[in-house]
Amino acid sequence: MLEYKKDGWKAAISLAPGLILLAIFTFWPILNAFRMAFMNDYSMSSGKWDGVGIRNFIYIFKDPTFWTALKNTSIMVFISVPITIILGLLISVGLNSIKKLQSTFQTVFFLPYVTNTIALGLVFGAMFHQYDGFINQIFDQNTSWIGAGASYTNAMIVLMIYTVWNGLAFKIIVFLSGLQSIDKQYYQAAQIDATPRRRVFTKITVPLLSPMILYITITSLIGAFKAYSSVISIFGTGKYGPGADPKLLITVVGYVYEKLWASGVPLGEAAAGSLILFAIILAITIVQLQVGKKRVHY
Amino acid sequence: MNHSELFLDPKQMKIYKTKKILFSVVLYSFLVAIALFIIVPFYYMLVTSLKTVGEINSDQFIFFPRSWMWENYSELFTNKNGTITSGISLLSMYKNTILVAILTTSGTIVTVVLSAFAFARLNFKGRELIFSVLLMTMMIPGEIYVITNYQTIGSLGWRNSYQALVLPFVTSVFYTFFLRQTFKQIPNELYLAAKVDGTTDFGYLLRVMIPIAKATIITIIILSMIGTWNAYVWPSLVTNDKGMYLVSNGLLEMFKGKVEQSGPDSILNVQMAGSTMITVPLLIVFIVLRKYIMSGVSRSGIKG
Amino acid sequence: MKKFLILLVVLVGAIALTGCKKNEFDAEFEIISVADLKAEQEINISFRVPSGIISTALATLLEEFKVEWPNINVELIAESGGYNDVRKLTILDLNNGIGPTMVIGYPDHFAEYFSGNHLINLQNFITSDLEGVGEDDDFVLEDFLESYLDENRIADEGDDLYGLPFNKSTEVMIYNKTFFEHMNYTVPTTWAEVKTLSEKILVDVAAGKADDVITFGEGEKTPSQYLTDGMFIPIAYDSTSNAIITAARQWGGAYTERATIEKGYAVFNNDQVKTALTFFQGMANDGLFAVAENFGESYASNAFKLIKCVMTIGSSAGVGYNVPEGNKFQIGVAPIPYNTAEAKYVIQQGTNVAILGQSTNVQRSAAWQLVRFLLSSENTAKFAMATGGYLPVRKSSYETATYQEYLTTPPVDKINHSMSANVGLQYRNTYNFFVDDAFVGSTAIRDAVGSMFSAIIVNKKDIAEAIQDTLNELGPKYQK
């Protein structure tokens, strides 16, 4: 094309504001994270580090708290995400089949998306309060869900419920508009053949929706892996567990952030931790894309 | 197509019709159950915010408080009972969040429109390369940036300032990508026609591209403002001055020290009133702009 | 491409500029004489403290300082997040080449600052010959409690002071005086007595004898009602960390060991500590001893106010938090229980003040004058009385007329704090203040043992297992 190089200056001007900001707040931080991660024992309070190497990573891998965080996060991810997706799929298919009240239901299901995560986390924490909470008062119990002496399972259940509650909205809306864009012809053909509903679902709906399902799965897994505000808002005090065990449900992101105010402020470890988080997310995405290649129909 | 035409046998039609009704009943019950699941926390939040402490402590759940304690709400503003221990005022939380949201969103629109324009419409060497690099950064979790940005803000002396809250978020690769898709769908003929008329490239951007992409731009505005409303981690890292809190970190900090009290000293009702006051503004905006928001979000999901 | 490269250079330049800061601070340390200091036009120093009673009390004292030193402007930076924020922000600032001139903090904060070479060696000032700077009649090192000074000898070698005591507190036992008088109990002095008394209390409360100790309003539960709910436990210990650290001392067991300022070990896996923990767990199992979490509260004072417990061990600075709404009952303050008479240990807490290196020599000397002012015999007494519950750091403060009056005939609004101060004085004569060596990471160990104690008391965790798990969680960094 004759105009190929002509727009150089215009492009520079248009891109300048965005790129400068990205450089300071995105590119530089990424480079710096890589840099700090390999500065052994780099701590902010002393400003010193002990040569270059992978000692920060080794320290993290030997740290039991890291494995707790990984375990907690994995449980949350691999249980809540499938539940939310399947539930979301069923709900949107259901919504798609009704005409009356469809938009009312849609609006109701979308509410959690426009509510503040922290505010509603506090509400969930309050709902499961041992003495003053809704759940215990209705079922006439005294279990400690998230308060003193709460068991790991109980606390995890509360967190799971909140995560599902929060996550449905986005999936429903994406699936629903995906469903609505499926060509009616497929369904009409199935009707002529008198195909039972279940087969329509598994053989037509799901495959045609599969690109959307893949996208939702990837973004949900990544989003769930980065869980942080939901945990601290449920316990209400900015920690990841009840008083006696404030690290009970610590997540990977929480583990990284805790380094920012730990003794000595070990920024090297924080950076290393964030790189590990990135690696995990990258791995999940790649795996998903591979799975997607075989299962997704475009 | 009406199936009933195919069944001439009245008995079979009856079975078919009952099956259909049964199915509808099951379906509606399912949807209602989910709707209840979604609504219950809101109900609990509202109801608790209007209760007295005695009603909260009661052993049986009280579904409707006897009298509506609007005092719990006024407590948020006047702090008569000293529930707000940290001197953070709800009004300043609102003001800060709205101000930061407006600044961030305006800045975002400017940078995103310009960048998307450059990638969609302009030709320059390295365009695809730079764009791919940007796309790759989308994959990188924000937690990586936070650490360094925390240091940068400290070194610039920008703690407790608006620029610290705004600038790191004034551009977004995701929105750029999203808008670029929309821009790319504008037919080339329009551009060539405008060129014939003698319009400059930037003129074309302002007079043609932006109006056509209005829906997407509005979606970006809405998503960006919701994002600021929900921001927690970054504000809590860079501000601790009580006049600079945003709604999310302010809500968690407000009742410090009193939050853990239970029994007769519980402040759960005021806390729930606080949550309500943070949730309601966004809900109101949602109800008013419902169609825009929902269609925008779904399109941003599909484009991905 | 060329245009893009130009852009890139601009970007990198912008980043580099934000990173580089001209360091105007003096690496060479020089003391400025009082005369020269007074001759300076205007000196600006800053002092970072947590906001609250400390900053309020300081503001008053600073006004008096201004009269003596009109050319020194002291900016008081009061952080709302307590000592944690003071530490976080100071570390961030120091890392960026700026920083307040003075800061107060806990010993392990100072360990962190020290590891970055940010603390000014105060010994230089103390031993100076210059008039009005070094030790003199106003500023006598011996007048400070030795244990307070020891805390500030941070360096691995030598006795140099890198900080001076600022607001010191300790732990006291607060008891429900009305309750004790009503039931005719004597205040226990040893843990054995605590146990016997608590057993008696449980029996009496179960029999309903305590239900008329005050008039209970509508919706308020009586002690026997709380007992039936499993919510009445006679004695509570607020700080779980302090509980186990003090117990370790009182039972003669080791807790931590410092190797250097940057490295220390957790050594609490020993028999004495286990014996102590067994004692407390035994009491907890019998419903005699609790921590805040047993009541579902974050602070034992909340439980104390509702008469869910009648004795609580907490900070001497925090006695005010135990006063119930509407003064429904009176409180009394006593020394904490001890185990054996040879080991009457009570923890020494509170912060110290230091001068930071991100400052000019003029600023440092000016800051030193402020330190001398604040730590004068009279002013540290004034500060203690204004903040209530903190103890004056100089022995001679106790002799001043105002402080004597505070101890013997306090004004009505300071009665509780005066009681607390009296116990503080009692400790000086009959107990031993102790403090554990600070090093980078000592807070992590402190937090960990606090959680461990909670688990042992609240969750009835097996003691040996709890100790081992905690050591594992702390990681190889803190193992010997």
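Read along the sequence, chain A follows the pattern α-α-α-α-α-α-α-α-α-α-α-α. Counted by type, chain A has 12 helices and zero strands. The model is a predicted one. The C-alpha trace of chain A spans about 80 × 75 × 35 Å along its principal axes.

Chain A does not stand alone: 95 of its residues are in contact with 93 residues of chain B. Together, chain A and chain B bury about 8,500 Å² between them. Of that buried area, 76% is on carbon and sulfur atoms. How many salt bridges does the rule find across the interface of chain A and chain B? The count there is zero.

Side chains of opposite charge can pair when their charged atoms come close. Over all chains, the rule gives 22 salt bridges. One of them is in chain A, where the side chains of A:Lys239 and A:Glu258 meet at 3.6 Å, N to O. A:Lys239 lies in the loop between helix 10 (229–235) and helix 11 (252–258) of chain A, while A:Glu258 belongs to helix 11 of chain A, so the pair ties together parts that are 19 residues apart in sequence.

The next topic is the packing of helices. Two packed helices are described by the angle between their axes and the distance between the axes. In chain B, helix 9 (residues 188–197) and helix 10 (residues 201–212) have axes that come within 11 Å and cross at roughly 140°. Helix 9 of chain B and helix 10 of chain B are therefore oblique to each other, and the crossing is right-handed. On the side of helix 9 of chain B, the contact is made by B:Leu190, B:Tyr191, B:Ala194 and B:Lys195. Helix 10 of chain B contributes B:Asp201, B:Tyr204, B:Val208 and B:Ile212. By class, the residues of this contact are six nonpolar, no polar and two charged.

Chain C offers two further packed pairs, and helix 16 of chain C takes part in both. Helix 15 (residues 377–387) of chain C packs against helix 16 (residues 401–408) of chain C at an angle of about 30°, with their axes 9 Å apart. These two helices of chain C, 15 and 16, are therefore roughly parallel to each other. Their crossing is left-handed. Here C:Ala381, C:Ala384 and C:Met385 of helix 15 of chain C meet C:Thr402, C:Tyr403 and C:Tyr406 of helix 16 of chain C. Five residues of this contact are nonpolar, one is polar and none is charged.

How is helix 16 of chain C placed against helix 17 of chain C, roughly parallel or roughly perpendicular? The axes of helix 16 of chain C and helix 17 (residues 415–430) of chain C come within 8 Å and cross at roughly 110°. That angle makes helix 16 of chain C roughly perpendicular to helix 17 of chain C. From helix 16 of chain C, the residues C:Tyr403, C:Tyr406 and C:Leu407 take part in the contact. They meet C:His417, C:Ser418, C:Ala421, C:Asn422 and C:Leu425 in helix 17 of chain C. This contact has five nonpolar, three polar and no charged residues. C:Tyr403 and C:Tyr406 of helix 16 of chain C therefore appear in both contacts, meeting helix 15 of chain C as well as helix 17 of chain C.

Definitions and conventions. Residues numbered from 1 in each chain as written. Chains lettered and ligands numbered in written order. Predicted model: local features only at pLDDT ≥ 70, side-chain atom pairs only at ≥ 80, totals over all residues. Heavy atoms only, no water. Axes fitted to C-alpha atoms, helices over the stretch in contact; angles between N-to-C directions. Helix = DSSP H or I, 4+ residues; strand = E, 2+ residues; numbered from the N terminus. Parallel < 35°, antiparallel > 145°, perpendicular 65-115°, else oblique. Left-handed = near helix turned anticlockwise from the far one by under 90°. Contact = heavy atoms within 4.5 Å. Nonpolar A, V, L, I, M, F, W, Y, C, P; charged D, E, K, R; others polar. Buried area = accessible area lost by both parts, 1.4 Å probe. Salt bridge = Lys/Arg side-chain N within 4 Å of Asp/Glu carboxyl O.
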